[in-house]
Amino acid sequence: ASPSFERRKSEHERTDLEQTRRYLSSAPLLTNLTFPAFLAALRRGALRFAVVYRDPYDRFASAFRSKCRRADGDGAAHCDAVFGLAGPELTPENVALRIERGRENAHWAPQTSFCGGTVLSHAARYVAIPFEDAAAGLARFLAPDVAAGALRRRDLDRLLRP
């Protein structure tokens with residue numbers, strides 16, 4: 001490969017890694033809190049948290065179809081480059097054997113790494129909502145905010161619209 005191709009590939013990988021790291025730790029940023037302040041609020045129960053989780057096997061199969069089988073156009077960056085596999089080597093078994101290489105990529109990272117890793121370390125503070133029940137589960141979780149007037153019903157409906 002040419003030096004300019006390698007440079008562009010390196011820049012793309014660096015940008016992707018930065019975006020993924022930002023995504024994985026976005027919860028504190030979205031609350032306009034510093035990470036230490038976010039952790040302090042989490043510890044004292046001052047905030048309510050919900051996490052929508054997905055069955056790990058379903059999530060893996062979906063990511064494999066999307067990225068490794070090219071259901072989405074960005075598969076090369078999120079599968080081939082992450083796992084160093086191509087052609088007949090690119091199988092679910094081989095990706096599973098290399099899954100640790102994907103820890104820094106939001107498509108392959110463990111769900112417990114989201115929200116700055118607080119989903120696992122502070123699991124008791126989160127209301128867990130299964131992916132299959134996301135809309136109804138989030139509506140139940142946010143119902144007290146609607147009742148208290150902190151969230152308008154139409155905004156909740158817009159938020160939960162597919």
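The buried residues of helix α4 pack against two other helices, α5 (75-83) and α6 (92-97). Contact here means heavy atoms within 4.5 Å, and buried means under 20% relative accessible area, with exposed being over 50% and partly exposed in between (1.4 Å probe, protein chains only). Helices (H or I, at least four residues) and strands (E, at least two) are DSSP runs, numbered from the N terminus. Keep in mind that this is a predicted model, where local features need pLDDT of at least 70 and side-chain atom pairs count only at pLDDT 80 or more, while totals for chains, interfaces and linings use all residues. Residues are numbered from 1 along each chain as its sequence is written, and side-chain values use heavy atoms, with hydrogens and water left out.

So which residues of α4 are buried? They are Arg59, Ser62, Ala63, Phe64, Ser66, Lys67 and Cys68. On the α5 side, the buried residues are Gly75, His78, Cys79, Asp80, Val82 and Phe83. Ala77 also lies in helix α5, but with a relative accessible area of 21% it is partly exposed. Between Ala77 and Lys67, which are 10 residues apart along the chain, the C-alpha atoms are separated by 8.3 Å.

Now take α4 from end to end. At its start, a side-chain oxygen of Asp55 reaches to within 2.9 Å of the backbone nitrogen of Tyr57. That can be set beside the rule for a polar contact: a pair of N or O atoms within 3.5 Å, where within protein one must be able to donate a hydrogen and the other to accept it, and residues adjacent in sequence count only if both atoms are side-chain atoms. The helix runs over residues 56-68, and its 13 residues should span 18 Å at 1.5 Å a residue; the end C-alpha atoms are 17 Å apart, which agrees. (The expected span is 1.5 Å times one less than the number of residues.) After α4 comes Arg70, whose phi is positive, near 65°. Something similar can be said of α5: just after it, Gly84 takes a positive phi of about 65°.

Next, the rings. The structure holds 4 aromatic pairs. Why do Phe60 and Phe64 count as stacked? Their ring centres are 6.4 Å apart and their planes stand at 25°, so the pair fits that label. The rule is that rings of Phe, Tyr and Trp (its six-membered ring) pair if their centres lie within 6.5 Å, with planes under 30 degrees apart counting as stacked, over 60 as edge-to-face and the rest as tilted. Phe60 and Phe64 are 4 residues apart in helix α4, so about one helical turn separates them. Phe60 is partly exposed at 22% relative accessibility, whereas Phe64 is buried at 6%. Together with Phe83 and Trp108, Phe60 and Phe64 form one aromatic cluster.

A ring can have a charge over it, too. Arg54 lies over the face of Phe131, at 4.7 Å from the ring centre. For this, NZ of Lys or CZ of Arg has to be within 6 Å of the ring centre and within 35 degrees of the ring normal.

That leaves the salt bridges, each one a side-chain nitrogen of Lys or Arg within 4 Å of a carboxyl oxygen of Asp or Glu. By this rule the count comes to 5. One of them brings us back to α4: Lys67 forms a salt bridge with Asp74, with the closest N and O atoms 2.7 Å apart. Lys67 is buried, at 5% relative accessibility, while Asp74 is partly exposed at 30%. Elsewhere, the side chains of Arg140 and Asp133 meet in a salt bridge of 2.6 Å, N to O. Arg140 is exposed at 54%, and Asp133 is partly exposed at 26%. Salt bridges that share partners also join Lys67, Asp72 and Asp74 into one network.

Finally, step back to the whole chain. The protein chain has 9 helices and 2 strands, and along the sequence they follow the pattern α-α-α-β-α-α-α-α-β-α-α. Of its 162 residues, 29% are buried. Among contacts with a separation of 6 or more, 60% come from residues 24 or more positions apart.
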